[in-house]
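User: I have a chain to go through with you. Could you take my questions one at a time?
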Amino acid sequence: MPPTTHAIEFLTLGETQGGYSLVLSPLATLGFDPLGRPQGLYEGGLYTARGLDGRCLEKKWVWEGDSDARRHIRELTDPERSALRARFGTLLAQARLALPELAGRKALRRMDRGRELAPDIEAASRTLARLAEGLEKSWDQDPAHFARVWRPLGILPPDQYLALVIQVVEGCAWNQCAFCDFYAGRPFRVRSAEEILRHTDEAETFFGPALAGRCSIFLGDANAFQAPPDLLISTAEKLAARFPRLAAPQRDGIGGLYGFAEAARLAAWTPADLRALAKTGFRRAYLGVETGCDDLRRWLQKPGTSDTVIEAAAKLKGAGIDLGLIVLLGAGGVENARRHVEGTLSLLKRSPLGPGDLVYFSPLIVEEGSPYGRAAADRGWTPMGESALGAQRKEMEAALPPRGERRALYDIREFLY
């Protein structure tokens, strides 16, 4: 849908700890971090998000007749990103020019952390000017700066999209799963304590005041537990002391330290090591369950078995660390759907789930030419469509006993840092 050129009828400028929102009713809503970095634009039923690395994703829900909604997600091309930048600038300029007329009609509203302030044209104009300056400074500079601080971030759990990511390890030590290419072509290594400290300094400098918009600390990359226990525990202690607001668990569920874990690798960690890690504020480890059917698990080239996952989960829970279990919807295609569902339900029912834990259902995204795509085609396995994937999730959720854990969708296409 092309951008509208209608006049602004009402303007609301909001400020929170996490940044700024600008609602230009009925035109658009814009979001910025505390430094004025543009984060997202909602216009014409389409939301376009911008990541710190410069990538931009457009997202919307599509309804087709009486069927379930389908999620549309697409990465913008270079020309489209340039057009998005121009649109941000145009809307900011339009808002600033309209301030006197809006104030005269009492159609200007200012909010600060939930409190409504008296309209102030000069204050609003200064804020809009800062946002315009932030747009110009960050659009081209952020991607290059980001690349100097972080190695490419493959993926995060959805509840950690606003974490401060500290890469304790680079890449994935296993890096052989047939369905995953997040770390393809990247060598794995564990960083030294000195490297982690330098990386942390650079990350803090990159965010600056925008660190106020981060909600937790995530220890990357694919499996932080690949680091020796003494290194990971020491790193977690130092990060908790350095960023107490991010590391302290909050009642609303945010705060703390988090990281991916590989079930097979946790055999190298003693219960005492895990308890020491939990004392630093490490709250949850995310395990890629994928499937509870061991035949499919081997075919997916996932290390370990369903029993390995159960043992790792019990070990983590016994140490006071919550679980994030990730199930791969559609594993094995239509032909193996029944085995996948039954095996996965068996695993989840045996898992020590409870309050504080998460179960994520992640649709399998089959890329043409990927190892999974080629092997599935060779076996004659039929990929499951979006509605079938949704039905598989509903079936599993309906069969699981409620034990206090939260359950959610994990669409890897949504990830943007």
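User: What follows α1, and what is the sign of its phi?
Analyst: K106 follows α1, and its phi is positive, near 55 degrees. Please bear in mind throughout that this is a predicted model.

User: Which residues make up α1, and what should it span?
Analyst: Helix α1 comprises residues 78-104, which is 27 residues. At 1.5 Å a residue the helix should span 39 Å, and its end C-alpha atoms are 40 Å apart, so the two values agree.

User: Where does α1 bend?
Analyst: The bend is at A98 and amounts to about 50 degrees. A proline, P100, follows A98 within four residues.

User: And which residues of α1 are buried?
Analyst: The buried residues are R81, L84, R85, R87, F88, L91, L92, A95, A98, L99 and L102. As background to that spacing, an α-helix has 3.6 residues a turn, so residues three or four places apart point the same way. The bend residue, A98, is itself on the buried list.

User: Changing topic to aromatics. How many pairs are there?
Analyst: A search of the whole structure gives 21 aromatic pairs. In one of them, F225 and F282, the ring centres are 5.6 Å apart and the planes stand at 85 degrees, so the pair is edge-to-face.

User: Where do F225 and F282 sit in the chain?
Analyst: F225 is in the loop between β13 (216-220) and α4 (229-242), whereas F282 is in strand β15 (residues 282-290). They are 57 residues apart, and the pair links distant parts of the chain.

User: Are those two rings' residues buried or exposed?
Analyst: F225 has 0% relative accessibility and therefore counts as buried. F282 is buried as well, because its relative accessible area is 1%.

User: What is the geometry of F260 and Y286?
Analyst: The centres of the F260 and Y286 rings are 6.1 Å apart and their planes lie at 70 degrees, so this pair is edge-to-face. Since F260 lies in strand β14 (residues 257-261) and Y286 in strand β15, the pair ties together parts that are 26 residues apart in sequence. Both F260 and Y286 are buried.

User: Which rings form a cluster?
Analyst: Ring pairs link F146, W150, F206, F207 and Y417 into a cluster. One member, F206, also has R37 over its face, at 4.4 Å from the ring centre.

User: What sits over the ring of W381?
Analyst: The charged end of R379 does, 5.8 Å from the centre of the W381 ring.

User: Now the overall fold. How many helices and strands does the chain have?
Analyst: The protein chain has 11 helices and 18 strands. Its radius of gyration is 23 Å, close to the 22 Å that the globule rule gives for 417 residues, so the chain is as compact as a globular protein of that length. Along the principal axes, the C-alpha trace spans about 70 × 55 × 40 Å.

User: What share of the residues is buried, and what about contacts?
Analyst: Buried residues make up 51% of the 417 residues. Of the contacts with a separation of 6 or more, 72% are between residues 24 or more positions apart.

User: Which peptide bonds are cis?
Analyst: One cis peptide bond joins S25 and P26, with omega about 5 degrees. P26 is in the loop between β2 (19-25) and β3 (28-32). Another runs from G220 to D221, with omega near 5 degrees. D221 belongs to the loop between β13 and α4, which is also where F225 is found.

User: Back to phi. What about R113 and E290?
Analyst: Neither is a glycine, yet phi is positive in each: about 55 degrees at R113 and about 65 degrees at E290. R113 is in the loop between β8 (108-112) and β9 (115-117), and E290 is in strand β15.

User: Why does R113 count as exposed and E290 as buried?
Analyst: R113 has a relative accessible area of 51%, and exposed means over 50%. E290 has a relative accessible area of 6%, and buried means under 20%.

User: Last one: where is S370?
Analyst: S370 is in the loop between β17 (358-363) and α10 (371-379). With a relative accessible area of 16%, S370 is buried. Its C-alpha atom is separated by 26 Å from that of V309, and the two residues are 61 residues apart along the chain.

Terms used. Residues numbered from 1 in each chain as written. Predicted model: local features only at pLDDT ≥ 70, side-chain atom pairs only at ≥ 80, totals over all residues. Heavy atoms only, no water. Helix = DSSP H or I, 4+ residues; strand = E, 2+ residues; numbered from the N terminus. Expected span 1.5 Å × (residues − 1). Bend = angle between axes of the 7 residues up to and from the residue. Buried < 20%, exposed > 50% of the residue type's maximum accessible area, 1.4 Å probe, protein only. Phe/Tyr/Trp six-rings, centres within 6.5 Å; stacked < 30°, edge-to-face > 60°. Lys NZ or Arg CZ within 6 Å of the ring centre and 35° of its normal. Rg over C-alpha atoms; globule rule 2.2 N^0.38 Å. Contact = heavy atoms within 4.5 Å.
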